[in-house]
Amino acid sequence: MIGPASRSLGEKICLLTGLEKISVQTKEFPDGEAYVRLLEDVKGVDALIVQSLSPPQDRNLMLLLQLISAFKTNGGGVASVIIPYMAYARQDKVFLPGETASAHLIAKMIEAAGADRVALVEPHSESAIQGFKNRIVIDVTRSFAKFYLENGFENAYVVAPDKNAAARAKKLAEMIKGGFGWVEKVRDKETGGISSTEGELNPAGRKTILIDDIISTGGTIVEAMKLLKAKGASQVSVACVHGLFVGNAYDKIRNAGASIILSSDTVENQYSNISVAEDIVRALKEKNWL
Ligand code: R5P
């Protein structure tokens with residue numbers, strides 16, 4: 001079953017697996033409420049339900065909840081939910097008194113709707129997904145490595161714009177047989193402002209790839225790029241798994257001198273140029289979900 005936020009990725013998963021699609025009608029009432037109706041009998045059928053929580057997050061979350069609930073309340077079998085991008089994952093704990101860990105709330109809602117198991121593509125953190133009892137995480141580094149190897153970035157220097165993102169950068173570096181480093185990022189919890197200082201960096205004269213999980217406003221990436229350029233990187237390509245590109249973020253990164261900007265179809269928009277369909281299908285097969 002393909003949700004409206006993951007049409008292109010869902011179609012690719014169907015092509016790769018040969019699975020049939022369950023037709024779904026969605027619409028919006030004049031007052032803004034969302035409506036979902038399954039157009040096929042799902043009694044006794046197991047399904048993959050693919051729906052990203054990309055912007056508009058709250059609408060896409062509601063549609064996902066309705067899809068799962070419609071499937072289960074109409075007699076559907078096992079509901080395996082694929083969440084390409086998990087929204088609210090950065091609020092994975094209470095940072096300031098009075099907040100709530102929104103990520104945990106999302107997990108409760110999705111399970112309450114009837115999800116039997118959940119697969120998430122590189123969610124922001126492990127703590128963000130701890131509320132899902134039956135879950136798997138899908139790593140998509142291989143698809144990025146494939147692109148870079150096919151486009152002259154073998155042995156490039158891979159940098160994480162934040163120490164928390166270092167594991168992904170290190171994995172990519174190993175796959176393309178390159179070097180690896182990171183930038184130290186500090187974010188003000190009240191204002192959200194970012195400052196980046198040198199962590200472990202040696203990009204001088206090297207083709208560099210700067211990779212993060214999410215690009216939202218582009219602030220993190222642009223700050224890290226300034227450091228890389230100041231330290232003599234010969235070229236900087238920017239990559240992220242989930243490209244939200246809020247406002248003029250894409251242009252900001254381009255204007256800061258990025259040679260190539262990659263983002264995947266976990267968030268489907270005009271900038272997504274890498275598909276993670278193969279990674280998803282491979283992971284589902286490995287876990288015997290297919
Ligand atoms: C934060 O911890 C994430 O990993 C990203 O670095 C962050 O969400 C990027 O946001 P922005 O593009 O607004 O700096």
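How many ångströms, in Å, separate a polar side-chain atom of Asp212 from an oxygen atom of the ligand? I shall begin with that point and then turn to the two sheets. Please bear in mind throughout that this is a predicted model.

The distance in question is 2.6 Å, from a polar side-chain atom of Asp212 to a ligand oxygen. Lys185 also contributes a polar side-chain atom, which lies 3.1 Å from an oxygen atom of the ligand. In the case of Ser216, a backbone N or O atom is involved, at 2.8 Å from an oxygen atom of the ligand. Taken alone, the ligand would expose 370 Å², and the protein buries 91% of that area. There are 14 residues around the ligand, and those that come nearest are Asp212, Asp213, Thr217, Gly218 and Thr220.

I now move to the first of the sheets. It is an open sheet of 6 strands, with mixed pairing, and its order is 9-8-7-10-11-12. The edges are taken by strand 9, residues 194-200, and strand 12, residues 258-263; each has a single partner strand, so one side of each is left without a neighbour in the sheet. From one strand to the next, the twist averages 25°. Helix 4, residues 141-150, packs on this sheet and touches strand 10 (207-215), strand 11 (235-243) and strand 12. The direction of helix 4 makes about 155° with that of strand 11. At the strand 9 edge, strand 8, residues 179-187, runs antiparallel to strand 9, and 6 bridges join the two. Within this pair, Arg187 stands opposite Ile194 of strand 9.

The other sheet is also open; it has 4 strands in the order 3-4-5-6, with parallel pairing. Here strand 3, residues 47-50, and strand 6 stand at the edges, and because each has a single partner strand, one side of each lacks a neighbour in the sheet. The twist in this sheet averages 20° from one strand to the next.

Let us follow the pairing across this sheet. Strand 4, residues 79-83, pairs with strand 5 in the parallel sense over 4 bridges. Val81 has Val118, in strand 5, as its bridge partner. Strand 5, residues 117-121, is in turn joined to strand 6 by 4 bridges, and these two strands run parallel. Val118 appears again here, with Arg135 of strand 6 as its bridge partner.

Finally, which residues of strand 6 make up its covered face, and which its uncovered one? Ile136 and Ile138 form the covered face of this strand, residues 135-138, whereas Arg135 and Val137 form the uncovered face.

Definitions and conventions
Residues are numbered from 1 along each chain as its sequence is written. This is a predicted model: local features need pLDDT of at least 70, side-chain atom pairs count only at pLDDT 80 or more; totals for chains, interfaces and linings use all residues. Side-chain values use heavy atoms; hydrogens and water are left out. Buried means under 20% relative accessible area, exposed over 50%, partly exposed in between (1.4 Å probe, protein chains only). Two strands pair if DSSP finds at least two bridges between them. Axes are lines fitted to C-alpha atoms, for helices over the stretch in contact, and angles run from 0 to 180 degrees between N-to-C directions. Contact means heavy atoms within 4.5 Å. A residue is near a molecule or strand if one of its heavy atoms lies within 4 Å of it. A polar contact is a pair of N or O atoms within 3.5 Å; within protein, one must be able to donate a hydrogen and the other to accept it, and residues adjacent in sequence count only if both atoms are side-chain atoms. Accessible areas come from the Shrake-Rupley method with a 1.4 Å probe; for residues, only the protein chains shown count as cover.
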